[in-house]
Amino acid sequence: MQGSIQTAEAPESAGEPGNLTHANKRVILISALIQGLALYGLKFFDAVESWSPVWQYLCYTLAIAIPPLVIAITAPRVAHSARWVIAGYAGVLALLAIYRGYQCTPAETVHCGPPVAYAIAIVIATFILAFLLRASATGNRALQRPDYPALFHYSWDNALTAALTLAFTGIFWLILLLWQGLFRLVGIDLFHEWFRQDWFIYPVTWLVAGCGAILFRAQQSFVLTLKRLLRTMLMALLPLLAVLTLAFLATLPFTGLQPIWDTGRGSALLLWLVAALLFFTNGVIQDDFPFARYPKWVNRLLLLAVALTPFYCAFAVYGLALRVQQYGWTPERLWALVVALTLALLALAYSLAIVRRHSLWSGNLRQINTGLAFWVLAICLLTQTPLLNFWQISAHHQAARLASSRVAPAEFDFFFLRQQLGRPGLAALQDLQSLPAVQQDPKLAAYVGELLAAGKIDWKLRENPLQSAADARKLHAIPVLPEGQRLPDAFDYRRQGNDCGESRRQCLWLAQDLDGDGGREYLLFIFTPATGDEAHWLRILAYAYQDEDWRVVASSSRQTREDFASLRGRLSAGDFSLRPSHWQSLYIGDELLFDPTRD
């Protein structure tokens, strides 16, 4: 198969002079310093903590996204209209941040959790806009429609420059750690104190990162050499990945799909496989490394593997649908759906191109991959708007499942609505408070009222009281030896016995006086059967009553060839003995300093 993509291998071929001007370098350093000082100010001033989440989201979003965008597109002869694009993007981000912050207000009653997904979406959107702008604005008087070689070049160039800059900054800090360590050896703690201060960390770190960006932007030959080395690695590993893709797909008719869903992470692994195969394929299909460089049989193998990737996407979407049917939509599952659909569209486009054009299919990459960039950019931004508010979608769906009795009140996670879905989750919980299924159970109604009244995260409210009661029954249903013994009522399933919740595990209690004080301690045997000829896993937890609560005082794990029935039979028949420890413990007064029997 002949690659038809003309790759821009150097800045000159993309229309960009190779060296940054002094003005460009100043812009990069000033942008980096502004970002460092802005983040320092947001962390240093205590008043920021009392700000509304709207202002916090707004300031952090602009501080994190805009300076790197300016650094990425700064180059000689950049179109002036690019500045208006950056200003417009800043305005869009401001609106998104205000909306997202509003979802966390009022801060006294609404909980949102760390904005990890939001931050990742903004970073991805900024990265895509950066290489789109560099490809369309560099070397031009006005913005032009970017061609695919320039897009490919600048996407790799920005990614590698960012990675090298991070490595450069990390090495800088390792040297500073060595610096302060050496001076501390001779009793000088000045540098140790300086290097730990926020006023030093933030400005210096971002200035060094700016210097790293200038260094690697100026060393294009090094970046291009690194890119060629990476392509060589991708070319060597792509056939192995293709063999894995085909071999695993060939085993599914014999094993079925159910084992994939039983793991709980099958869909994620399938999507990782598709993403890796498509990424490797894009890295290899260039004029200097086309598929035609492989032997003919390897070429056909690669074509077949890429053409069959839509099947993996279909399996992943089906597995995700099963999870949603069981547990409903959550923001994490909605993001998984976005990733799955994106990979499915890309895989289907590649597959159709191979079917229609065979060995000339790579000529379609310019349209497919360019469309993918705009698709991902749009998705990253739309998911932060009211059009695709994942918190709102999840809250409505979870509440509807309870209202329609698709999930029992004892199995419903009220805490998830309160602590993870911001304002939409709080509104949904308020609606559920008047639900007959909630009002008819006084204990559940009181629990929901406590959740709504809680101003801060109270992890004691994590457990649904109906679920806790059901779990307690499961815990007390575990057999207790010797016969006739029973578990104390104070045992809590969440802390004592949660490993016994999985169906494949078998559990057993053994009541014994381990310390010889006349009272009983309890040993929990957790038996995990092995598959095939492997040894079984046996975990033992020892519980003792201390400080008015039952606590784990010792634990051990080991492998055994004895099955659970034999183990239970021996314990039930009293075929065991208690022996004092061979090692003595070290005390000073009544304080235990060292117990050789514990890790």
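1. L178 counts as exposed, because its relative accessibility is 52% and the cut-off for exposed is over 50%. The residue lies in helix α5. This is a predicted model, and the points below should be read with that in mind.

2. L178 is one of the residues of a nonpolar surface patch of about 1000 Å². The other members are L182, F183, L185, V186, I188, L190, W179, W194 and W199. Two elements give two or more residues to the patch: α5, which covers 148-185, and α6, which covers 190-194. Helix α5 provides the largest share, 5 residues. As a general remark, nonpolar side chains in soluble globular proteins tend to be buried together.

3. Within the structure, the largest nonpolar core has 64 residues. Y89, L93, F414, L417, L432 and Y447 are the residues with the most contacts inside this core. Helix α4, residues 116-137, gives the largest share of the core, namely 12 residues. Another core lies apart from this one and has 49 residues, with Y148, A242, Y294 and L343 among them.

4. What does L417 touch, once its neighbours within four places in sequence are left aside? The residues in contact with L417 are A395, Q398, F412, G425, L426, A428, L429 and L432. Of these, L432 is also listed with L417 among the residues that have the most contacts inside the largest core.

5. Helix α3 spans residues 81-102, 22 residues in total. From the first C-alpha to the last, α3 reaches 32 Å, close to the 32 Å expected at 1.5 Å a residue. The buried residues of α3 are A82, I86, Y89, A90, L93, A94, L96, A97, R100 and G101. Two of them, Y89 and L93, appear among the residues with the most contacts inside the largest core. The cover over the buried residues of α3 includes α2 (53-73), α4, α14 (365-382) and α15 (390-403).

6. The structure holds 6 salt bridges. In one of them, the side chains of K43 and D198 meet at 2.9 Å, N to O. K43 lies in helix α1 (residues 22-44) and D198 in helix α7 (residues 198-218), so this pair ties together parts that are 155 residues apart in sequence. K43 counts as partly exposed because its relative accessibility is 44%. D198 also counts as partly exposed, at 26% relative accessibility.

7. Are D157 and R134 buried or exposed? Both are buried. These two residues form a salt bridge in which the closest N and O atoms are 2.8 Å apart. D157 is in helix α5 and R134 in helix α4, 23 residues apart, and the pair links distant parts of the chain. Helix α5 is also the source of the largest share of the nonpolar patch, while helix α4 gives the largest share of the largest core.

8. A further salt bridge joins the side chains of D189 and R184, at 3.3 Å, N to O. D189 has 37% relative accessibility and therefore counts as partly exposed. R184 counts as partly exposed too, at 42%. Elsewhere, E562, R570 and D575 are joined into one network by salt bridges that share partners.

Notes:
Residues are numbered from 1 along each chain as its sequence is written. This is a predicted model: local features need pLDDT of at least 70, side-chain atom pairs count only at pLDDT 80 or more; totals for chains, interfaces and linings use all residues. Side-chain values use heavy atoms; hydrogens and water are left out. A nonpolar core is a set of buried Ala, Val, Leu, Ile, Met, Phe, Trp, Tyr and Cys residues joined through side-chain atoms within 4.5 Å. Buried means under 20% relative accessible area, exposed over 50%, partly exposed in between (1.4 Å probe, protein chains only). Helices (H or I, at least four residues) and strands (E, at least two) are DSSP runs, numbered from the N terminus. Contact means heavy atoms within 4.5 Å. The expected span of a helix is 1.5 Å times one less than its number of residues. Patches are made of residues with over 30% relative accessible area and no salt bridge: like charges are joined within 9 Å, nonpolar side chains (Val, Leu, Ile, Met, Phe, Trp, Tyr) within 5 Å. Accessible areas come from the Shrake-Rupley method with a 1.4 Å probe; for residues, only the protein chains shown count as cover. A salt bridge is a side-chain nitrogen of Lys or Arg within 4 Å of a carboxyl oxygen of Asp or Glu.
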